[in-house]
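Biologist: Let us take this one piece by piece. Short questions, short answers, please.

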Amino acid sequence: MKNANRVLIFVLIFALIVSMFSGCKQTAPSPEQTTTEQKTTEQKTTEQKTTEQKTTEQKTTTAAEPGREKLSAADGTEYYAAGYPIVDPEQNISYSVMASTSASDATKFPVMQKIVSETGINFDWILIASDARQERLSAAVAADDLPDILGPSVGFGDAELLKYGNEGYIADISDLWNNKMTTIRSMTGDEVFNQLTNEITFPNGAIYNFPTIMDYDTVSEFHLAINVEWLDKLGLQMPTTPDEFVEVLKTFVTNDPNSNGKNDEIGYVSQAWAGIANLYEITGFTGVLTGTRYIQDGEVKWPLFSDEVKEATKWLKMLYDENLLDKEQFTQDDPTAMAKAQSPDSIYGAANMFQEKYYFGNNCLEYFPMEAFAGADGKRMWPTNHPHGYLVMNQMTLTTKCTSPEIVARLVDYMYLPLISAEIDQGPIGITQEFNENGYLISVTPEGYENVTAYTRENHFQQLPRFLFSKYLNEKTFQRFLEVPTSIPESKRMIDGLDGRTYANIMAEDYLYYYPRLKPTEEEAAVLNEYMTDLSKYYQESLAKFITGASDIDTEWDTYVETVKAFGYEEIMTMYNAQYQRFLSLGN
């Protein structure tokens, strides 16, 4: 009996031990968990610079996470091969981010707090003013004091990337891109992933940026919109020609359609930060898209001084002279223009802008997309995104100071997850957007703020790597990212059934692809370095002066044309077309 009791005790102890080990199994925290606590420390190293940082992984096992495989980064830091968090101890990396003074403490941003909480990776933010970017970067290179990561809007241009990549300051991430970007590859498949890779790869085989890949809508992120409430109130029809548009604007600015008793209506405005090419998009009826680089008949076009450009400039000058174009078009910044667009009494009759909700705020329901105007040949021209996505390149760049690039690559792969990308792009779920009863993500106005833009200026960084390419997103959850007007699917025109056409049928019929953002050779980069900055500044300032009358278009146009050519225009166009043919030769 005593022996039987011993056997029973042994069996119970054995069972207890088995149950204890079974209970030790851990699972990865859900990507929905959030914390507001962040610890930030500084990790700096001045070890060797190299143009390549190859992934040197060594599989290990740990008792703490028996269900998840761990790998070792180049510096020996352990991280998880899959799942979240990415690291157990906080991996401290320095992330240089350009931000306005109102956004001075990134550690308080809810989306950044979520990223830190779910990945285990912290950031030592180095916030710099936009006008100090070049000075700070040059000083950091000279002092060999670059951070681990150059964040959004702080990185180098293509020519600089080639230069500093060859000199060993910027890391080649091609190995990381091809082996760590499982999120994008799993959604797109190998063929499209390889096409995207072609677009971000320099001719020397290097990749220097983790990009954003998105196509805000199926046509273009910018589009024309007109105040349809004003049309209805004044008994006007949607304009379909340039002449009809001019007459509508004249009626808008002389009949007080916002009913506030003031003469404050402005006919037309174009969003400032997109540059003068955005203003000229409405003049596609001339047969060219002035200032836009696009593909037509197998060639790269960049019209800056043709007869059609002169015609378009004179038409815009007519709008300006007759007080139909915002007199502050060339002097106001975007926050100023958007404050006007979002004033309680709508003042803009029409605009070429980035999404109605973003630009017009609570006034957005008054606006609806307008057709591009047809030219003499009947074609309605408008630029559209490349089929493989709209690449925003200057999002995240690794320097060779980063000793664990594999971990950063896993972090970027996490940012490419659809819901995380949606929060990076549009703000935190639960504050600037939420799921409605049908499971759709919808935009909401944050408590205590006039609109989403006011909130994000103080509490959010949008410019991080993200993947929002409509054909690969869940149609239900991401409906607001898939159709335009994406941010106002409840547009008054749709509610009233006044226009049942889809946006793709409204905007234009003859879409022209933007010139893909292709990477230069060293020789091409030298051409860009020599000419591009001065040329871009000169032609934009000159066209603005012609429109406002500061320069006489009839007497000074020939001088303008010769100066544009002297700034290397023909050499640049030869380079662009060589790049495009190289791009096509890769099977794109």
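**Contacts and cores, in questions**

Biologist: How does E167 count: buried, partly exposed or exposed?

Modeller: E167 has a relative accessibility of 39%. Buried means under 20% relative accessible area, exposed means over 50%, and partly exposed is in between (1.4 Å probe, protein chains only). So E167 counts as partly exposed.

Biologist: What pLDDT do side-chain atom pairs need before they count?

Modeller: Residues are numbered from 1 along each chain as its sequence is written, and side-chain values use heavy atoms, with hydrogens and water left out. This is a predicted model: totals for chains, interfaces and linings use all residues, local features need pLDDT of at least 70, and side-chain atom pairs count only at pLDDT 80 or more.

Biologist: Which residue meets E167 in a salt bridge?

Modeller: A salt bridge here is a side-chain nitrogen of Lys or Arg within 4 Å of a carboxyl oxygen of Asp or Glu. The N to O distance in this pair is 2.9 Å. The partner is partly exposed, at 43% relative accessible area. The residue is K163.

Biologist: Why are K317 and D321 separated by about one helical turn?

Modeller: The two form a salt bridge, with their closest N and O atoms 3.1 Å apart. K317 is partly exposed at 22%, and D321 is partly exposed at 43%. Helices (H or I, at least four residues) and strands (E, at least two) are DSSP runs numbered from the N terminus. The turn follows because both residues lie in helix α11 (residues 307-321), four residues apart.

Biologist: How many residues apart are R582 and E524?

Modeller: R582 forms a salt bridge with E524, at 3.0 Å between the closest N and O atoms. The pair links distant parts of the chain, with R582 in helix α22 and E524 in helix α20; the separation is 58 residues.

Biologist: Which of those two counts as buried?

Modeller: R582 has 28% relative accessibility, so it counts as partly exposed. The other partner is at 9%, and so the buried one is E524.

Biologist: How many salt bridges does the structure hold?

Modeller: Some join into a network: K70, E78 and D88 are linked in this way. The total for the structure is 17.

Biologist: Which helix gives the most to the largest nonpolar core?

Modeller: A nonpolar core is a set of buried Ala, Val, Leu, Ile, Met, Phe, Trp, Tyr and Cys residues joined through side-chain atoms within 4.5 Å. The largest has 64 residues, of which Y268, W302, Y560 and Y576 touch the most other members. The top contributor, with nine residues, is helix α20 (residues 522-548).

Biologist: How many residues does the other core hold?

Modeller: It lies apart from the largest one. Its members include Y84, A171, I213 and F469, and it holds 49 residues.

Biologist: Which residues does Y576 touch?

Modeller: Contact means heavy atoms within 4.5 Å. Leaving out residues up to four places away in sequence, Y576 touches R293, V300, W302, Y515, L528 and M532.

Biologist: What angle lies between the ring planes of Y515 and Y576?

Modeller: Rings of Phe, Tyr and Trp (its six-membered ring) pair if their centres lie within 6.5 Å; planes under 30 degrees apart count as stacked, over 60 as edge-to-face and the rest as tilted. The whole structure has 25 aromatic pairs. The Y515 and Y576 rings are 5.0 Å apart, centre to centre, and the pair is tilted, at 55°.

Biologist: Where do Y515 and Y576 sit in the chain?

Modeller: Both are buried. The pair links parts of the chain 61 residues apart. Y515 lies in the loop between β18 (510-513) and α20, and Y576 lies in helix α22 (residues 569-585).

Biologist: Why do W557 and Y560 count as a tilted pair?

Modeller: Both residues are in helix α21 (residues 553-566), three residues apart. W557 is buried at 5%, and Y560 is buried at 1%. The ring centres are 5.0 Å apart, and the pair is tilted because the planes meet at 45°.

Biologist: Over which ring does the charged end of R293 sit?

Modeller: A charge sits over a ring if NZ of Lys or CZ of Arg is within 6 Å of the ring centre and within 35 degrees of the ring normal. R293 is 5.6 Å from the centre of its ring, and that ring belongs to W302.
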